[in-house]
Amino acid sequence: MKLETLAVHAGREVEPATRAITPSITLSTTFERAQDGAFPGGHIYTRNSNPNRDALERALAALEGGGIAVAFASGNAATSAVLQALTPGDHVIASIETYYGTRAVLTGALRRWGLQADFVDMSDPANIARAMRPNTRLVWVETPSNPRLRLTDIAAAAAIAHAGGARLVCDNTFATPVLQRPLARGADLVVHSTTKYIGGHSDVLGGCVIANANDDFMQRVRAYQVFGGAAPSPFDCWLLLRSIPTLPYRVRAQSEGAMRVAAFLAAHPRVACVHYPGLPAHPGHAIAGRQMQGGFGGMLSFQVVGGEAEAMAVAARVRLIVRATSLGGVESLIEHRASVEGPDTPTPRNLLRLSVGLEHPDDLIADLAQAMA
Ligand code: PLP
């Protein structure tokens, strides 16, 4: 089945009792047992499982071509679940440009818990190979990365990880399964912040982990959801499932818009550099062409000529685009990234990140043109 069809139908069966087309929201935290002690409804307690969460997990697994998905209350909870499925003393290799919240988990609580982490430039897979140690158990890839849209060759990274006995996890938040299917390229696990494109309307926080099979590792991920308690609410699951049917169409339109905006910015005299994998000059353009299909995504960033003050001044003058963090929603957002990421950030001070929404690209370009005039 094609992705568009899966997006409409996976996890969305007509309800047997009411014949409702749209799923009901099951708010009950607990479910009745039969006289013999069985659970005929298939659920015990909502932290363990819930009909809305089950439906969402089936849809997410189908979209990524996986066999199992585990949904979380946020993207960072999904990240924490994967990392806590490791054992103290295990070594993780992540990219030098990894979402700063992922880096914070790796270098904060989990370092104290005994996890070791190295950060390498993954644009060259040889750097991953050089960083592998006998205790490396996980290679964490984020491609395209946040915020400079760096590309990592998933298949090459997976081959290196597997040769050393490690799993390859890919944060697919920016690309979405519409543009990139990491499991098909050798990744063992896919992570999403479903807060972003999958939710798509800036009104729900969520995350998920997807894999081919319910192996030991995924059982530990599930245990973090159930016993760690990082479970999403039934309403959040319902909102996410409600958003999935339009995902392919939103992402494609956002990619087209981002391509036009990136081309406009690349030709602008006040722009020092544009980070967008769809531009032929982008260092990851060839890899993106190989492992992304149907577009390069709705995210881009650009460096304004000058420093932080000049970048802030451009952000201050936008009228249509909203100054806010986050991404993947229907409305375009612009953000001065370094000031959000804190003093240790590697992000350049003159960089603005743009999440291209579903407005007409002509209007976005006109807004940026007047902001930079
Ligand atoms: N991964 C990426 C690439 C992100 O951009 C984000 C959030 O911005 C996350 C993970 C974390 O997701 P959440 O904010 O839903 O916890």
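Buried means under 20% relative accessible area, exposed means over 50%, and partly exposed lies in between. These legends walk through close-up views of a predicted model.

**View 1. Arg19 sits in a loop with an uncommon backbone angle to look for: a positive phi.**
Arg19 lies in the loop between α1 (3-9) and α2 (51-64). Its phi is positive, about 65°, although Arg19 is not a glycine. Is Arg19 buried or exposed? The relative accessible area of Arg19 is 57%. Exposed means over 50%, so Arg19 counts as exposed.

**View 2. Seven strands form an open sheet.**
The strand order is β1-β7-β6-β5-β4-β2-β3, and the pairing is mixed. Which strands form the edges? They are β1 (68-72) and β3 (116-120), and each pairs on one side only. Neighbouring strands of this sheet are turned by 20° against each other on average, direction ignored.

**View 3. At one edge of the seven-stranded sheet, β1 meets β7.**
Strand β7 covers residues 207-211. β1 and β7 run antiparallel and are joined by five bridges. One pair to find is Ala71 and its bridge partner in β7, Cys208. Helix α4 (residues 100-107) also packs on the sheet. It touches β2 (91-95), β3 and β4 (136-142). The direction of α4 makes about 145° with that of β3.

**View 4. Helix α7 packs on the sheet at β4 and β5.**
α7 spans residues 154-163, and β5 spans 167-171. The direction of α7 makes about 150° with that of β5. Which residues of α7 are buried? They are Ile154, Ala157, Ala158, Ile160 and Ala161. These residues cover an arc of only 165° around the axis, which puts them on the same side of α7. An α-helix has 3.6 residues a turn, so residues three or four places apart point the same way. The buried residues of α7 pack against α6 (125-131), β4, β5 and α12 (285-291).

**View 5. The two ends of α7 each have a backbone detail to find.**
At the start of α7, look for Asp153. One of its side-chain oxygens reaches to within 3.2 Å of the backbone nitrogen of Ala155. After α7 comes Gly165. The phi of Gly165 is positive, near 80°.

**View 6. β4 and β5 pair in the parallel sense.**
Five bridges link β4 and β5. Val139 has Leu168 as its bridge partner in β5. How many of the five residues of β5 are buried? Four are buried, and β5 is mostly covered.

**View 7. The loop between β4 and α7 holds Pro144 and Pro147.**
A cis peptide bond joins Thr143 and Pro144. Its omega is about -10°. Another cis peptide bond joins Asn146 and Pro147. Here omega is about 10°.

**View 8. Thr176 has a positive phi within a helix.**
Thr176 lies in helix α8, which spans residues 176-179. Its phi is about 65°, although Thr176 is not a glycine. Is Thr176 buried or exposed? At 1% relative accessibility, Thr176 counts as buried.

**View 9. Lys196 carries an annotation in UniProt.**
The unreviewed UniProt entry places the feature "modified residue: N6-(pyridoxal phosphate)lysine" at Lys196. Lys196 is found in the loop between β6 (189-193) and β7. Its relative accessible area is 17%. Buried means under 20%, so Lys196 counts as buried. What does Lys196 touch, not counting residues up to four places away in sequence? The contacts are Thr173, Ser326, Leu327 and Gly328.

**View 10. Five strands form an open sheet with mixed pairing.**
The order is β8-β9-β12-β11-β10. The edge strands are β8 (271-275) and β10 (322-323), and each pairs on one side only. β10 runs parallel to β11 (residues 333-336), and two bridges join them. The bridge partner of Arg323 in β11 is Ile334. Helix α11 (residues 247-266) lies across β8, β9 (299-304) and β12 (351-355). α11 runs at about 10° to β9.

Key:
Residues are numbered from 1 along each chain as its sequence is written. This is a predicted model: local features need pLDDT of at least 70, side-chain atom pairs count only at pLDDT 80 or more; totals for chains, interfaces and linings use all residues. Side-chain values use heavy atoms; hydrogens and water are left out. Two strands pair if DSSP finds at least two bridges between them. Axes are lines fitted to C-alpha atoms, for helices over the stretch in contact, and angles run from 0 to 180 degrees between N-to-C directions. Contact means heavy atoms within 4.5 Å. Buried means under 20% relative accessible area, exposed over 50%, partly exposed in between (1.4 Å probe, protein chains only). The arc is that of the directions from the helix axis to the C-beta atoms. A polar contact is a pair of N or O atoms within 3.5 Å; within protein, one must be able to donate a hydrogen and the other to accept it, and residues adjacent in sequence count only if both atoms are side-chain atoms. UniProt positions are given in the numbering used here, feature names are shortened, and annotations may be inferred rather than shown by experiment.
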